[in-house]
Every structure is written in structure tokens, then in C-alpha cells.
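Colleague: Please take a close look at the nonpolar surface of this predicted model. Which residues form a nonpolar patch there, and what surrounds them?

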Amino acid sequence: MFADPNIAKFITPGLAGALYGNAYQLFIQLIAALVVVAYSGLMTFLILKLISRITPLKVSSMVLRIGDREMHGEVAYDEYAFPIQAEGIEVINGRGKETNSS
């Protein structure tokens with residue numbers, strides 16, 4: 001876009017950016033960027049689909065509400081200072097169990 005032909009002539013004679021009348025080069029680079037975005041998106045989707053056939057990509061909502069102790073068996077903060085506040089969940093010995101709150 002900003003390739004000044006007075007400077008670029010030392011690299012490639014005739015090279016000019018979009019601001020100097022060569023909009024075609026900018027168009028080529030825009031298409032290339034779109035191809036990279038599409039390729040990356042497609043490959044990410046396919047990799048996640050493959051992984052989801054082996055293991056779930058997201059844990060249950062109960063585990064998300066409890067947090068670190070349920071997922072990793074440890075806590076980052078004092079559990080008495082920051083008690084678990086979730087409806088319908090009973091925590092016994094650091095493990096969460098859903099309760100029927102009817």
C-alpha cells in the first residue's frame with residue numbers, strides 16, 4: 001500500500017503501492033489474508049470436531065459453578081473466605097453434588 005516507487009526501484013524496478021497507482025497488489029494481499037482466515041477457521045473447526053469425538057469440549061454446568069476444586073482437585077483461594085454460592089449444589093469434602101431443590 002505504501003511502497004514508494006522512488007525507494008522500491010532499488011529492490012524491484014516498477015514496484016509501487018496502492019497509494020502510487022498499484023491497487024492490484026493491495027487486492028492480491030487482501031485475497032491472501034481472507035484465504036488465511038478461512039483456512040485457519042476451517043482447520044480449527046475440524047480439529048475441535050475431532051477432539052469432541054474423543055472427549056467433551058465443555059464440562060457440565062455444575063462443574064463450572066463449583067470451579068477449581070471440582071475440575072482440578074485444588075483451590076486457588078481460601079474456600080472459607082470465598083464460599084461456593086450456587087443453587088442446588090451441595091459441596092462435601094470438596095466435591096460438588098447436585099441436589100433436588102424442589
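**The nonpolar patch and its setting**

Modeller: The exposed area of the chain comes to about 8,600 Å², and 62% of that is supplied by carbon and sulfur atoms. Part of this surface is a nonpolar patch made of Tyr 24, Phe 27, Ile 28, Leu 30, Ile 31, Leu 34 and Val 35. Together these residues have about 700 Å² of accessible area.

Phe 27, one of the patch residues, lies in helix 2, which covers residues 23-54. Its relative accessible area is 47%. Because the partly exposed class runs from 20% to 50%, Phe 27 is counted as partly exposed rather than exposed. The value is also over the 30% needed for a patch residue.

Gln 25 is found in helix 2 as well, but Gln is not among the side chains that count as nonpolar for a patch. Gln 25 is partly exposed because its relative accessible area is 29%, and the buried class needs a value under 20%. In space, the C-alpha of Gln 25 is 9.5 Å from that of Leu 15, a residue ten positions away in sequence.

For the wider setting, the chain has four helices and two strands, in the order α-α-α-α-β-β from the N terminus on. Of its 102 residues, 13% count as buried. Contacts between residues at least 6 apart in sequence include 23% that join residues at least 24 apart.

Confidence is uneven along the chain. The mean pLDDT is 77, with 71% of residues at 70 or more. Helix 2, where Phe 27 sits, has the highest confidence, at a mean of 94. The lowest is in strand 2, residues 95-98, at a mean of 56. Where pLDDT is low, predicted coordinates should not be read in detail.

Definitions and conventions:
Residues numbered from 1 in each chain as written. Predicted model: local features only at pLDDT ≥ 70, side-chain atom pairs only at ≥ 80, totals over all residues. Heavy atoms only, no water. Buried < 20%, exposed > 50% of the residue type's maximum accessible area, 1.4 Å probe, protein only. Contact = heavy atoms within 4.5 Å. Areas by Shrake-Rupley, 256 points an atom, 1.4 Å probe, with all protein chains shown as cover. Patch = residues over 30% accessible without salt bridge, like charges linked within 9 Å, V, L, I, M, F, W, Y side chains within 5 Å. Salt bridge = Lys/Arg side-chain N within 4 Å of Asp/Glu carboxyl O. pLDDT = per-residue confidence, 0-100.
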